[in-house]
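Work through the exercises below with the sequence and the model open beside you. Each one sets a task and then solves it step by step.

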Amino acid sequence: MNIHITGTGSYIPDTIEKNENFNQHIFLNSDGSSIDSSNKVIVEKFQDITGIAERRYAEPHLVTSDLGAFAAERAIANANIDPEELDYIIVAHNFGDVKHNTIQSDILPCLAARIKHNLRIKNPKCVAYDILFGCPGWIEGVIQANAFIKSGIAKKCLVIGTETLSRVVDKHDRDSMIFSDGAGATVIEATDNEGGILAHETVSHTLDEAYYLYFGNSNNQNLCRDTRYIKMHGRKIYEFALSHVPQAMKSCLDKSGYSINDVKKIFIHQANEKMDEAILKRFYRLYRTSIPDNIMPMSIQKFGNSSVATVPTLYDLVLHNKIENQSLSKGDVIIFASVGAGMHINAMVYKY
């Protein structure tokens, strides 16, 4: 028995928010003081560092669970399964359903229950629950599905990563330009085919790193101090990722029994283009070998950082030939990896 991703689907909102749309924003330092640069310079520096030129925002009438349901429908159709056969629906997110122009998160009932409801699944033995694990949530959901299937608890699982980060950003914070909305979904099941999930690795660094990402006040000191927004210590996260993600990837690959030369693609959480490139360099440096061409697909330039949705969305786009010069062939060994709030890191080696 080998455990495979048998179906993928994604939902990328139609609303495009280009970098130039931020030229009229009032960006402030964390202490509320003015930034000694024009917005044009701020935005240019931002794009140079992150690689992001535009991002997608969910339509005002949609919430996070809606996006997840759309991606799930596509994954179920792609897997060609009866949704009533699903044993688990595992939904990774961070902030629940936040309606447009509101500040309150809604996670009652959980998003997995809402998505199961939206899919009109009647089977009560299809268990629906959420996972809060920062940006690595989708990968961790797949790891959990793998464990359920291996243990005989489940046969088919639906794992979704969905988020609307545009609803929880501080518009006076330059970091708000990083975040976006979207959803990716996958069907996980046991098959007789070769390959599938070969190895995985997860670590949680919480002693000093737990609050590198957190909920905090707006940079605009005149706004309500009871309202919180997503905040991050960007430099600390960057240094943390470079120190720990490559080693987690190596540990995972070494457990798989495959060599670095067998790896055909690496799907890394789309957080920051330069950070991902630096992680890749350090990973290959651990094996003292050069980086192959086109090994790391990227979507952050057009879609921004949609947290838990970036990896499954990117994987779905590559499978459907929607990323230029990127494709997969049967038998390819690939690595999934992510880092995010917690601070959590995970990786998974998979044979397509």
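**Exercise 1. Find the volume of the largest cavity and describe its lining**.

Solution. On a 1 Å grid over the protein atoms alone, a cavity is a set of points where a 1.4 Å probe fits but cannot get out, a pocket is an open set with protein on both sides within 12 Å along at least five of seven lines, and lining residues have an atom within 4 Å of a point. Grid points are joined across faces, edges and corners, and a volume is the space filled by probe spheres set on the points. With these terms, the largest cavity has a volume of about 80 Å³. Its lining is formed by 14 residues, of which Ile-12, Asp-181, Phe-303, Ser-306 and Thr-313 are the closest to the centre. Two elements, strand E7 (181-191) and helix H8 (310-319), give two or more residues to this lining, and E7 gives the most, with three residues. Helices (H or I, at least four residues) and strands (E, at least two) are DSSP runs, numbered from the N terminus. By class, the lining has six nonpolar, seven polar and one charged residues, where Ala, Val, Leu, Ile, Met, Phe, Trp, Tyr, Cys and Pro count as nonpolar, Asp, Glu, Lys and Arg as charged, and the others, Gly among them, as polar.

The model is predicted, so local features need pLDDT of at least 70 and side-chain atom pairs count only at pLDDT 80 or more, while totals for chains, interfaces and linings use all residues. Residues are numbered from 1 along each chain as its sequence is written, and side-chain values use heavy atoms, with hydrogens and water left out.

**Exercise 2. Describe the second largest pocket by its volume and its lining**.

Solution. The space in the second largest pocket comes to about 660 Å³. Of the 30 residues that line this pocket, Asn-101, Ser-166, Arg-167, Val-169 and Lys-171 lie nearest its centre. Sorted by class, the lining of the second largest pocket has 12 nonpolar, 11 polar and seven charged residues.

**Exercise 3. Decide whether helix H8 is enclosed or open, and place Val-318 in this picture**.

Solution. Buried means under 20% relative accessible area, exposed over 50%, and partly exposed in between (1.4 Å probe, protein chains only). Nine of the 10 residues of H8 are buried, and therefore the helix is largely enclosed by the rest of the structure. Among the buried residues of H8 are Thr-313, Tyr-315 and Asp-316. Val-318 also belongs to H8 and, with a relative accessible area of 0%, is buried. Leaving aside residues up to four places away in sequence, Val-318 touches Phe-267, Pro-297, Ile-323, Gln-326, Ser-327 and Leu-328, a contact being heavy atoms within 4.5 Å.

**Exercise 4. Locate the unusual backbone geometry on either side of H8 and in two other loops**.

Solution. Most residues other than glycine have a negative phi, and most peptide bonds are trans. Ser-307, in the loop between helix H7 (300-303) and H8, has a positive phi near 55° and is buried at 3% relative accessibility. Asn-321, in the loop between H8 and strand E12 (333-340), has a positive phi of about 55°, but is exposed, with a relative accessible area of 58%. The peptide bond from Leu-108 to Pro-109 is cis, with omega near 0°, and Pro-109 lies in the loop between strand E4 (88-93) and helix H3 (111-118). Another cis peptide bond joins Gly-342 and Met-343, with omega about -5°.
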